Amino acid sequence: MNNVRNKKRANKSLPFFFKDEFKVFFVIIFVSTILLVTTFTFDKVPPILNRGIQPATFPKGLLVLIMFLTAVIYYLSFKNPWKKEKKLPKPFFLTILSFILFIIISKTLDFFLAISVLSIFVSYNWGEKRIIYLLLVGILFPLVVFIFFEMILGLRFPPGIITNLYYY
Amino acid sequence: MDNLLLMMAPLFSSKLLIVLIFGTLFGLILGVLPGLGPTTGGALILPFTMTLDPLSAIVLLTSIYCAGTYGGAITAVLINTPGTPAAAATCLDGYPLAQKGEAGRALGMATVSSTVGGIFSVIVLVFFAPVLAQLAYEFGQPEYFALAIFGLTMLASIGEGSPIKNLIAGAFGILISTIGKDFMTSIDRFTYGINELSVGIGFIPVVVGLFAISEMLTQSTLLDQVFKRVALKAVKLPSLDDYKKTWKTILRSSGIGSFIGVLPAEGGTVASLIGYSEAKRFSKEPEEFGKGSIEGIAGAEAANNAATGGAMVPTLALGIPGSATTAVILTGLIIHGVRPGPDLFREQPDFLYGIFGAMLIANVLFFIFGFFGAKLFARITLVPNKILWPMIFAVSVCGTYSLSQSIIDVWIMLFFGVLGFFMRRFGFSVVPVIIGLILGELVEGTLRQSLVIFDGNWLMFLTRPIALTFFILSLIALAFPLLRSKKQKK
């Protein structure tokens, strides 16, 4: 209980723009505003074909609702500040980095190579240093998954430097 | 009598029986592993169901749902970590009882009460779903719109966490459903010139992202966590004294769970918390709760499993999911060309009663597997996260890719994974996003068609008695959290 109170107090002492409440409020309002502006670029249906409401009206209404509710939670947070979350550890950022690597490799080199690299990268950075286990998660398991999807579901994976060896 | 025979059909089909056994075992494994669960597991296995006929596919998904909900109790009792969110209340008394050297008794009670709750809810499903489906014949577009709004407000009202955050998440889910070509006018919305977005955002990338990938990120922040495991010799059936002490609690929680399950919300999670608190309120020994009360375990477990059948009622009768997992099951139905709703009850009773029967049998199967195999299933938690989660990632990526064979879907999955992580970190539940996404087209479609019927006059909604009733219920649902917080302050 004391711990939660201390965390709340710690959060209260920060300038408003460093607080989680403001960050969340800002991000939602910012993204919603961009999306709201986008809705004004949607094509309009001529009145003779318009049945009910214009295609932009419904998303506009939703975005206004989201922005209004976000303002309400921000207002309520003055009375009841959110508890301050722990700092994110290094493995979290490395996992995010592995996602970026996955996207780059799957786009430029090979889908399966991307899975293998991510699996080995994540497993290693989460503390697995034994080569045999890294090979298990990085090569053997993705291979089993590949064969399973290929044979049972008849799936054709996107071409790439390794996948092509199998297909051609 | 005919319906009873139809329900028993899975027992006489070797294929369905194998699917049921596999689904139950797989569901138990998913339930046992913290962070996974029937929703993620169902979403991951959905692409594989394409090789099955519709009945086998749905039987597989429902058996995963039933067994996965129970499986969470095993880890809750033995390592004080709920395998699924629905088992959170089970930790409160399950683990303390296990620490006293009575893990077998705690798991025995969890297994029996889960089975009773599950079977009770299937009975509710069998009797209540056709009635609701019959009622749905009276529904037109305005009524469906009002019903969908009621569903979303209920999410805010009795879902986990802040009601306003739940509403934001639900609205966000509906907003995602508007991406792509407008289904009435074919006008592009939020596509930003990307062709792949014209068909909209698929359900599977969002579900797998919000549940599996965001959980992977959560696990990356918990690597230093050490689980203390309690030894288990064998699961013990409850004694006569235990039965005497808990039978009322089990029945009460079964009723609560089935009722909560019918309401579109977070099904088992909320049901188990209410079941637990009601068990405490009615108990002769409330001071024992939190210290290893057998009634606490019974109350939580009967309720969360009873929510499974309850949640299937609106899913099958109205096409409105009662929980995140039933949203996955609903997607499975749609993928296999089965349209839930009143016509399904009239045209395909064999299919429906096959599902009911499969759920009934799944409850019996997880009792057997849980009773004899809990020790083995508990060992699955020994697989370290550094091995397990890269493997889950590989399956998630391939599963997501396989449905549309689109790499964009995989990137969408990763985006929603990161988004889901931050949503959870800041107290936004991801379940309303899923429900909102699946209800989005229904909400917008019925609203626009209603306005066509009403010639653009919004007030005409109030002239429809059923729609008006749902709107009033929605207002009550929205007011409920306010009243509850005022009462708590007092």
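# A walk through chains A and B

Let's start at a single spot: B:Leu197 counts as partly exposed, with 18 C-beta neighbours inside 10 Å. The scale here runs from buried (20 or more other C-beta atoms within 10 Å of the residue's own) through partly exposed to exposed (12 or fewer), with C-beta atoms placed from the backbone. Before going on, a word on what you're looking at: this is a predicted model, in which local features need pLDDT of at least 70 and side-chain atom pairs count only at pLDDT 80 or more, while totals for chains, interfaces and linings use all residues. Residues are numbered from 1 along each chain as its sequence is written, and chains are lettered from A and ligands numbered from 1 in the order in which they are written.

Back to B:Leu197, which sits in the loop between E2 and H9 of chain B. Those labels are DSSP runs numbered from the N terminus, with helices (H or I) of at least four residues and strands (E) of at least two. Setting aside neighbours within four places in sequence, B:Leu197 has contacts with B:Ile179, B:Gly180 and B:Thr191; a contact here is a pair of residues whose C-beta atoms, placed from the backbone, lie within 7 Å. There's a long-range partner to look for as well: B:Ile408 is 211 residues away in sequence, yet its C-alpha is 8.9 Å from that of B:Leu197.

B:Val383 makes a similar story, in the loop between helix H15 (349–379) and H16 of chain B. B:Val383 is exposed, because just 12 other C-beta atoms lie within 10 Å. Its C-alpha is 9.3 Å from that of B:Leu33, 350 residues apart along the chain.

Two more loops are worth a stop for their backbone angles. Most residues other than glycine have a negative phi. B:Ser186, however, has a phi near 60°, a positive value in a residue other than glycine. You'll find B:Ser186 in the loop between strand E1 (180–181) and strand E2 (188–189) of chain B, and it counts as exposed because it has 12 C-beta neighbours inside 10 Å. B:Gln405 is not a glycine either, and its phi is positive at about 50°. B:Gln405 lies in the loop between H16 and H17 of chain B, and with 11 C-beta neighbours inside 10 Å it is exposed.

Now zoom out to chain B as a whole. Its secondary structure comes to 19 helices and two strands. The C-alpha atoms fill a box of roughly 70 × 55 × 45 Å along the principal axes. How does the radius of gyration compare with that of a compact globule? Chain B has 22 Å, which agrees with the value near 23 Å that a compact globule of 490 residues would have; the radius is taken over C-alpha atoms, and the globule rule is 2.2 Å times the number of residues to the power 0.38. Of those 490 residues, 61% count as buried. Among contacts in chain B with a separation of 6 or more, 79% are between residues 24 or more positions apart.

For a closer look at one helix, try H11(B), residues 267–282: its 16 residues reach 22 Å from first C-alpha to last, close to the 22 Å expected at 1.5 Å a residue (the expected span being 1.5 Å times one less than the number of residues). H11(B) is mostly covered, with twelve of its 16 residues buried. Among them are B:Val270, B:Leu273, B:Ile274 and B:Tyr276.

Chain A has seven helices and zero strands. Of its 168 residues, 24% count as buried. Among its contacts between residues at least 6 apart in sequence, 60% join residues at least 24 apart.

Where do the chains meet? The contact takes 49 residues from chain B and 50 residues from chain A. On chain B's side, H8 (163–177), H9 (203–220), H16 (385–404), H17 (407–425) and H18 (431–453) each supply at least two residues, and H16(B) gives the most, with twelve.

Finally, the largest nonpolar core has 188 residues, of which B:Val77, B:Ala148, B:Val207 and B:Ile434 touch the most other members. Such a core is a set of buried Ala, Val, Leu, Ile, Met, Phe, Trp, Tyr and Cys residues joined through C-beta atoms within 7 Å. Helix H6 (residues 88–136) of chain B contributes the largest share of this core, 23 residues. Beyond four places in sequence, the contacts of B:Val77 include B:Thr90, B:Tyr95, B:Ala103 and B:Leu107.

How values were computed:
Contact = placed C-beta atoms within 7 Å.
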